[in-house]
Amino acid sequence: MSFGFALAVPVAVSARATRPRRGPLGPVIALLLLLLPALLLWAWDRDRMLAAAARHGPRAVESVRALQRELAAVQGADDLQRLARLNRFFNSQIAYAEDLDARGEVDHWASPVESLARGLGDCEDYASAKYFGAIAAGVAPAKLRLVYVRAAMGGGARAHMVLAYTEKPGAQPLILDNLDGEIRPATERPDLTPVFSFNAEGLWQGTSGPAAGDAVSRLSRWRDLLAKARAEGLF
């Protein structure tokens, strides 16, 4: 499975169609043709997101509207600008809480709208919200992976999850984390030891190397989360 952030069916425009017509419709058609590439970047569904938020109440609607303003603001920006803005947004909108305290469950992978509705989440919720938010903003899904890590904390190691962005194969991953508000190269995060990573396209040991399987089929919570995020209009 892969995410698309453009129309699924190619748009064919003939040479005759691209030539401005005479009369009052000519300028309108020419403007639409100029705007078409920008319109194709919009991956998220405004109305579906708001409808999903409305089921959680006014707080969720307000937070989702704020997210939509962030997504609109980064249209046309480069990947790093998109990631920086969304990283700040989700870190500020979600307060850390264990699943048992926030939802009464031992391990619940919340959708972005669920996390924004409660204003609470654990590391999986931060990482996945940033993943779906980045895709909605136009970042290529193949550049993004959720990474399970061992994080050095208090003299020990703790299971943790972050989002990694890799501009191109072989490049140094950048880490988006709720523990550190700054996006940093993986080399500047010696406190994190990667265990495995995944996205909608695969599952890997560590953050690189050959694929270790299909995350969608092997991780049931991830499969359920993909379905929820799609229903919420994030891709």
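This passage describes a predicted model of one protein chain, from its overall features to selected helices, strands and residues.

The mean pLDDT of the protein chain is 82, and 76% of its residues reach 70 or more. Two stretches fall below 50 in pLDDT: residues 1–22, for which the model shows 32 contacts beyond near neighbours in sequence, and residues 30–41, for which it shows 10 such contacts. Where pLDDT is low, the predicted coordinates should not be read in detail.

The secondary structure of the chain comprises 10 helices and 9 strands. Of the 235 residues in the chain, 44% are buried, and the surface that the chain exposes comes to about 12,200 Å², with carbon and sulfur atoms supplying 56% of that area. Among contacts between residues at least 6 apart in sequence, 56% join residues at least 24 apart.

Among the helices, H4 covers residues 58–73, and its 16 residues should span 22 Å at 1.5 Å a residue, which agrees with the 23 Å that separates its end C-alpha atoms. The buried residues of H4 are Ala-60, Ser-63, Val-64, Ala-66, Leu-67, Gln-68, Glu-70 and Leu-71. An α-helix has 3.6 residues a turn, so residues three or four places apart point the same way. The buried residues of H4 pack against four helices, namely H3 (46–54), H5 (79–93), H7 and H8.

Helix H8, which runs over residues 123–137, contains Ala-134, a residue that is buried with a relative accessible area of 1%, where under 20% counts as buried. Although Ala-134 and Leu-71 are 63 residues apart in sequence, their C-alpha atoms lie 8.7 Å apart in space. Beyond residues up to four places away in sequence, Ala-134 touches Leu-83, Leu-86, Val-139 and Leu-144.

A second residue examined here, His-108, is placed in the loop between helix H6 (99–103) and helix H7 (112–118). Because its relative accessibility is 16%, and the cut-off for a buried residue is under 20%, His-108 counts as buried despite its place in a loop. The side chain of His-108 makes a polar contact of 3.5 Å with the side chain of Glu-114. When neighbours within four places in sequence are left aside, the contacts of His-108 are with Asp-99, Arg-103, Glu-114, Asp-125 and Lys-228.

Turning to the strands, E3 (residues 144–153) has 7 of its 10 residues buried, so this strand is largely enclosed by the rest of the structure. E3 runs antiparallel to strand E4 (residues 156–165), to which it is joined by 10 bridges, and within this pairing Arg-145 of E3 stands opposite Ala-164 of E4. The two strands form a hairpin with 2 residues between them, and Gly-154, in the turn, has a positive phi of about 55°.

E3 also pairs with E7 in the antiparallel sense, over 6 bridges, and the bridge partner of Leu-146 in E7 is Phe-198. Strand E7 (residues 192–199) pairs in turn with strand E8 (residues 202–205), again in the antiparallel sense, over 4 bridges; here Phe-198 stands opposite Leu-203 in E8. E7 and E8 form a hairpin with 2 residues between them. Phe-198 is thus a partner of Leu-146 and stands opposite Leu-203 as well. In a regular strand the side chains alternate between the two faces of the sheet.

How values were computed. Residues are numbered from 1 along each chain as its sequence is written. This is a predicted model: local features need pLDDT of at least 70, side-chain atom pairs count only at pLDDT 80 or more; totals for chains, interfaces and linings use all residues. Side-chain values use heavy atoms; hydrogens and water are left out. pLDDT is the predictor's confidence in each residue, from 0 to 100. Contact means heavy atoms within 4.5 Å. Buried means under 20% relative accessible area, exposed over 50%, partly exposed in between (1.4 Å probe, protein chains only). A polar contact is a pair of N or O atoms within 3.5 Å; within protein, one must be able to donate a hydrogen and the other to accept it, and residues adjacent in sequence count only if both atoms are side-chain atoms. Accessible areas come from the Shrake-Rupley method with a 1.4 Å probe; for residues, only the protein chains shown count as cover. Two strands pair if DSSP finds at least two bridges between them. The expected span of a helix is 1.5 Å times one less than its number of residues.
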